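Here is a short set of exercises to work through with the model open beside you. Try each task before reading its solution.

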Amino acid sequence: MRAAGGYDTPSGSYNAGVSFPQEFIAPRATVSPSNSDFETGSRIGGGGGGRILLMGLKRSGKTSIYQVVFHKMSPHETLFLESTVKTTHHDVRNNAVVHFKVSDFPGSMQPEEQPSTDKSVFANAEAVLFVIDAQDELQPAISRLVSTIEKAYAVNRRIYFEVFIHKVDGLSEDRKLHLNREVSQQVTKQLTARQLDDANYAFYLSSIYDQSIYENVSKVVQKLVPSLAILENLLDVLISNCRMQKAFLFDVLTKVYLATDSQPVDVQSFELASDMLDVVVDVSCIYGQEEEESVDEKGDDRAFDKSSASVISLSNGLVLYMRQVSRYLALVCLMRAGNLERKGLIDHNVEVLKEALTEVLAAKTSRTPRMSLASMPDGNFP
């Protein structure tokens, strides 16, 4: 028997999406309810962390998105979440790349209702993640979105506006495309009328009941990573030398991919890589640590450490390859099974990549580090 969104096991099945151990991530975020404790921030990875503002109408799904992605709450449990009544700030610190703040605003608060002393709400923000309920009336949400963009853009022209057309699960593909087109056209028309054509905005179709929410949040976070181009170049060099099809750099705790190679991302590859992380973390938390040594001397959970690695063979002749490359950062690659015959070469190249990533994440360079990688012989490529 296969659980929804889960995997078959010899003794039954389990749901990888909800079995992620809560104690594995609980210490990684702190929450501080407030209305005006904003401080100056910088782009993610720049030392001070960035800031993402969660906004939208009441019951649009803002808090559910945060809880599912950053606290691994089961999507079904979000039905019991109470409406946000005051601004809540969350500090997300997972590793050298994922270090930022998320501010969740109540849906009842209009942009113009922000106190004059809180202009730094937008001035110090890197992105506004605005959530529109696709199952509710669109016009009130669009009006709120446009007024939010107008106020934010007046004080911060570098801010990104990421519009999630949310709760699209159960809708047909035609209906999803129609919603996306309708919202984007109306917003673009109103922004043009207000001479806000230069605002940086993008639209996404999302649902907490599938992998779309992780893929879309990944795209938002990537825009805030200053070393993104360098990370992409490093992954391009790796897949070229190892004859891989795709490579992702994942934050293990959230399943947000922070970088990938320059080839287009297809949904199936992302879902396979994301599901692999679920499997590896679940198994590691059960079997990957000794009972009396579950926490190291620094207080870190040892279920995912420098020894964490996995290879999964698929029925279609492809192989998923995963290695830990930094603290709670995992490299997940997709390749043909024949190339795994040179696993020693691949392991060597990944070790070289780890050294380069260490240099980049320590902000020791603003250029792509040189990597001396071994190349896969042409004859070994199917």
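**Exercise 1. A hairpin and its sheet**

Task: Find the bridge partner of Phe250 in E11, then place E11 in its sheet.

Solution. Start with the pair itself: Phe250 has Tyr257 as its bridge partner in E11. Before going on, note that this is a predicted model, in which local features need pLDDT of at least 70 and side-chain atom pairs count only at pLDDT 80 or more, while totals for chains, interfaces and linings use all residues. Residues are numbered from 1 along each chain as its sequence is written, and side-chain values use heavy atoms, with hydrogens and water left out. Helices (H or I, at least four residues) and strands (E, at least two) are DSSP runs numbered from the N terminus.

Next, count the links: E10 and E11 run antiparallel and are joined by 4 bridges. Two strands pair if DSSP finds at least two bridges between them. The hairpin of E10 and E11 has 4 residues between the strands, and Lys255 there takes a positive phi near 65 degrees.

Now widen the view. The order E11-E10-E14-E13-E12 describes an open sheet of 5 strands with antiparallel pairing. Its edge strands are E11 (256–260) and E12 (309–313), each pairing on one side only. On average, neighbouring strands of this sheet are turned by 25 degrees against each other, direction ignored; axes are lines fitted to C-alpha atoms, for helices over the stretch in contact, and angles run from 0 to 180 degrees between N-to-C directions.

Last, look at burial (buried is under 20% relative accessible area, exposed over 50%, partly exposed in between, with a 1.4 Å probe and protein chains only). E11 is largely enclosed by the rest of the structure, because 5 of its 5 residues are buried.

**Exercise 2. The other edge, and a buried glutamine**

Task: Which residue of E13 stands opposite Val311, and is Gln324 buried or exposed?

Solution. E12 and E13 run antiparallel, with 5 bridges joining them. Val311 stands opposite Tyr321 in E13. Gln324 is also found in strand E13. Gln324 counts as buried because its relative accessible area is 9%.

What surrounds Gln324? Leaving aside its neighbours within four places in sequence, Gln324 is in contact (heavy atoms within 4.5 Å) with residues including Phe304, Asp305, Leu329 and Lys354. A polar atom of the Gln324 side chain lies 3.1 Å from the backbone oxygen of Ser326.

**Exercise 3. A helix across the sheet**

Task: Describe helix H8, what its buried residues pack against and how H8 lies on the strands.

Solution. H8 (residues 343–361) has 19 residues and reaches 26 Å from its first C-alpha to its last, close to the 27 Å expected at 1.5 Å a residue; the expected span is 1.5 Å times one less than the number of residues. Buried residues of H8 include Leu345, Ile346, Val350, Leu353, Leu357 and Leu361. The buried residues of H8 pack against helix H6 (228–242) and strands E10 (244–251), E13 (318–326) and E14 (329–336). H8 lies across E10, E12, E13 and E14, and runs at about 35 degrees to E13. After H8 comes Ala363, whose phi is positive, near 60 degrees.

**Exercise 4. The nonpolar cores**

Task: Which residues have the most contacts inside the largest nonpolar core?

Solution. A nonpolar core is a set of buried Ala, Val, Leu, Ile, Met, Phe, Trp, Tyr and Cys residues joined through side-chain atoms within 4.5 Å. The largest has 80 residues, and Val217 and Leu331 have the most contacts inside it. H8 gives the most to this core, with 9 residues. Apart from it lies another core of 30 residues, among them Met55, Phe105, Ile149 and Phe161.

Follow Leu331 outwards: beyond its neighbours within four places in sequence, its contacts include Leu235, Phe248, Tyr321, Val350 and Leu353.

**Exercise 5. Two loop residues with positive phi**

Task: Compare the settings of Lys72 and Gln195.

Solution. Lys72 is not a glycine, yet has a positive phi of about 55 degrees. Lys72 sits in the loop between H1 and E5, and is buried, with a relative accessible area of 3%. Gln195, also not a glycine, has a positive phi of about 60 degrees. Gln195 lies in the loop between helix H4 (173–193) and strand E9 (200–206), and is exposed at 70% relative accessible area.

Terms used: A polar contact is a pair of N or O atoms within 3.5 Å; within protein, one must be able to donate a hydrogen and the other to accept it, and residues adjacent in sequence count only if both atoms are side-chain atoms.
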